[in-house]
Amino acid sequence: MMLALYGHPFSSYTWKALIALYANATPFVFRMVDPNHPENVARVQAASPLGKFPLLVDGEVEVFEASSIIEYLALHHPGPAMLLPADPDEALRMRMFDRVFDNYVMNVMQESVAEVIREGALSAPTRERVHAALRRSYNWIDNWLATYRRPMTVSLIECAAAPSLFYADWVLQIPDEFALLRAWRAHLLALPPVKRCIDEARPWRQFFPLGAPDRD
Ligand SMILES: N[C@@H](CCC(=O)N[C@@H](CS)C(=O)NCC(=O)O)C(=O)O
């Protein structure tokens, strides 16, 4: 049976899984999670504690959490993109950096988005807290990039970094002083699997709760 990915084209965590699927040209069907597809919403709601997406379905197997989906794809549907290194210590380090992008960039960025959806506006304290945390993460990643060796294709790191930096930059534009990070974001956005996600998400840009900037 064909793999199925449940998600939404504008969702950052859906991109994370899509980038891995696109990089390896893995055949799958995309199941849209939106009010027009209540059966897909129900499937996602039932699969994980808070009913979040993406969700990968492979026959009888359901995998939630974008990082776990990528690990599952690396194990069961490998392709030219080496999503995780074979060496266990290197894989452990990669998983650690994957957490950096989810916990200290993506989820921080999403705090401000969630507040605007919930309250209709971004409060000054949240704005300050989110900007301070993102700035600190940008600084850390910019330093880390001085020693990061880019893979030939995409790995778990690119899958995590591309969507988180894409949207974080919309919340707090990466300052000029973080030149390595700015250049890396541009490199990530130009990677064909990432570019495909960006283009497929364009129809929803107007719905970005903080207002999408006129770039990218
Ligand atoms: N930790 C999850 C986070 C997934 C997540 O936050 N997904 C968002 C879309 S980007 C979602 O499901 N939002 C709808 C909701 O929270 O009900 C992962 O890595 O997959």
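Trainee: Why is cysteine 159 called buried?

Mentor: Good place to start! In this predicted model, cysteine 159 has a relative accessible area of 0%. Buried means under 20%, so cysteine 159 counts as buried.

Trainee: And what makes cysteine 197 count as buried?

Mentor: The same cut-off of under 20% applies. Cysteine 197 has 1% relative accessibility, so it is buried.

Trainee: How do you know that cysteine 159 is in no disulfide?

Mentor: Let's set the distance against the rule. A disulfide needs two cysteine sulfur atoms within 2.5 Å. The cysteine sulfur nearest to that of cysteine 159 belongs to cysteine 197, and it is 9.1 Å away. That is too far for a bond, so cysteine 197 has no such partner in cysteine 159. By this rule the disulfide count is zero.

Trainee: Now the ligand, please. What makes lysine 52 a polar contact of the ligand?

Mentor: The cut-off is 3.5 Å between N or O atoms. A side-chain N or O atom of lysine 52 is 2.7 Å from a ligand oxygen, so the pair qualifies. Glutamate 65 passes too, with a polar side-chain atom 2.8 Å from a nitrogen of the ligand. Alanine 66 uses a backbone N or O atom, which lies 3.0 Å from a ligand oxygen. Overall, the protein covers 74% of the 510 Å² of accessible area that the ligand has on its own.

Trainee: Which residues surround the ligand, and how do they divide?

Mentor: The shell consists of Ser11, Ser12, Tyr13, Lys52, Phe53, Pro54, Glu65, Ala66 and Gln110. Four are nonpolar, three polar and two charged. The space that the ligand takes is the largest pocket.

Note on methods
Residues numbered from 1 in each chain as written. Predicted model: local features only at pLDDT ≥ 70, side-chain atom pairs only at ≥ 80, totals over all residues. Heavy atoms only, no water. Near = heavy atom within 4 Å. Polar contact = N/O pair within 3.5 Å; in protein donor to acceptor, adjacent residues only side chain to side chain. Areas by Shrake-Rupley, 256 points an atom, 1.4 Å probe, with all protein chains shown as cover. 1 Å grid on protein atoms, 1.4 Å probe; cavity = no way out; pocket = protein on both sides within 12 Å on 5 of 7 lines; lining within 4 Å. Sits in = over half its atoms within 2 Å of the grid points. Nonpolar A, V, L, I, M, F, W, Y, C, P; charged D, E, K, R; others polar. Buried < 20%, exposed > 50% of the residue type's maximum accessible area, 1.4 Å probe, protein only.
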